[in-house]
Amino acid sequence: GLWVAALHPEMRIAPPYTEWTFSGSTIRMPEFCAPALGNKPNLVTIDAHVPEEANGLLYKLGSAAGGLTCFVEDGVLCYEYNLFIIQRTKIRARDKLPTGKVRIEIETTYVEPRPAGPLKVTLKVNGAPVAEGTVPVSAPLLFTANDCLDIGTVHGSPVSLDYYDKVPFKFSGRIGQVHVKYLAAS
């Protein structure tokens with residue numbers, strides 16, 4: 001029973017893809033079908049139109065019991081990695097997002113490439129880094145068996161307490177597309 005979960009997370013059932021392109025309205029993709037954003041080196045690129053004082057979800061994977069999320073709060077780009085409620089890592093830009101057409105990138109790489117190893121997360125806006133942080137412990141397998149990847153609006157359980165009372169926390173701008181690509185392990 002614990003062979004995959006504890007000893008060989010690389011053997012988990014997962015889609016064979018290494019790259020995805022989603023519309024800005026993709027919702028309810030089960031986690032076991034979605035990109036493994038919480039435990040594989042990856043780059044998420046979001047092309048969006050951002051209004052002044054933007055608010056809302058860009059994407060979330062998982063649930064209140066564990067997951068990760070990227071959202072905008074009062075114009076500020078935010079990221080949270082919720083390790084099963086035990087540990088929450090929050091990364092926030094200092095400045096507000098520019099308005100208009102904006103490219104947001106979230107790059108996740110291992111600090112130590114091992115199951116549950118720490119992750120470095122870098123947030124970029126229009127190619128320039130705006131924040132970075134380290135997730136001390138990553139989820140080695142999945143966050144949840146019953147929640148999903150949502151883009152642009154929260155349809156399942158909210159990952160972050162920062163928008164818990166604002167669900168469905170629909171993004172006030174427009175998301176053109178979200179591109180996800182696995183990166184080669186470093």
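## The second largest cavity

In this predicted model, the second largest cavity has a volume of about 40 Å³. Its lining is made up of F22, P35, L37, V44, Y59, L149, I151, V178 and V180, and two elements, β11 (148-151) and β12 (174-182), each give two or more residues to that lining. Sorted by class, the residues around the second largest cavity comprise 9 nonpolar ones, with no polar and no charged residues.

## The largest cavity

A search over the whole structure finds 2 cavities of 30 Å³ or more, and the largest cavity holds about 50 Å³ of space. The lining of the largest cavity consists of 12 residues, and E31, G38, N39, L141 and F143 are those that lie nearest its centre. In terms of class, this lining has 8 nonpolar, 2 polar and 2 charged residues.

## The sheet that contains β8

One open sheet of 6 strands follows the order β1-β12-β3-β8-β9-β10, and its pairing is antiparallel. The edge strands of this sheet are β1 (19-23) and β10 (128-135), each of which pairs on one side only. On average, and with direction ignored, neighbouring strands of the sheet are turned by 15° against each other. The strand β12, which takes part in this sheet, is also one of the elements giving two or more residues to the lining of the second largest cavity.

Within the sheet, strand β3 (residues 42-50) pairs with β8 in the antiparallel sense over 9 bridges, and N42 has T108 in β8 as its bridge partner. β8 also pairs in the antiparallel sense with strand β9 (residues 119-125), here over 7 bridges; in this pairing I104 stands opposite V125 of β9, while the bridge partner of I106 in β9 is L123. Is strand β8 (residues 100-110) enclosed by the rest of the structure or open to its surroundings? Of its 11 residues, 8 are buried, so β8 is largely enclosed by the rest of the structure; a residue counts as buried when its relative accessible area is under 20%.

## The sheet that contains β6 and β7

A further open sheet of 6 strands has the order β2-β11-β4-β5-β6-β7, again with antiparallel pairing. Its edge strands, β2 (29-30) and β7 (87-96), each pair on one side only. Strand β6 (residues 76-83) is joined to β7 in the antiparallel sense over 7 bridges, and V76 stands opposite K96 in β7. The strand β11 of this sheet is, like β12, an element that gives two or more residues to the lining of the second largest cavity.

## Cysteines

How many disulfides does the structure hold? The structure holds 0 disulfides, where the criterion is a pair of cysteine sulfur atoms within 2.5 Å. For C33, the closest cysteine sulfur is that of C148, and because the two sulfur atoms are 8.9 Å apart, they are too far from each other for a bond. C78 is likewise in no disulfide, the nearest cysteine sulfur being that of C70, at 7.9 Å.

The surroundings of these cysteines can be described through their accessibility. C33 is partly exposed, with a relative accessible area of 32%, whereas C78, at 1% relative accessibility, counts as buried.

Note on methods. Residues numbered from 1 in each chain as written. Predicted model: local features only at pLDDT ≥ 70, side-chain atom pairs only at ≥ 80, totals over all residues. Heavy atoms only, no water. Buried < 20%, exposed > 50% of the residue type's maximum accessible area, 1.4 Å probe, protein only. Helix = DSSP H or I, 4+ residues; strand = E, 2+ residues; numbered from the N terminus. Pairing = 2+ DSSP bridges. Axes fitted to C-alpha atoms, helices over the stretch in contact; angles between N-to-C directions. 1 Å grid on protein atoms, 1.4 Å probe; cavity = no way out; pocket = protein on both sides within 12 Å on 5 of 7 lines; lining within 4 Å. Points joined across faces, edges and corners; volume = space filled by probe spheres on them. Nonpolar A, V, L, I, M, F, W, Y, C, P; charged D, E, K, R; others polar.
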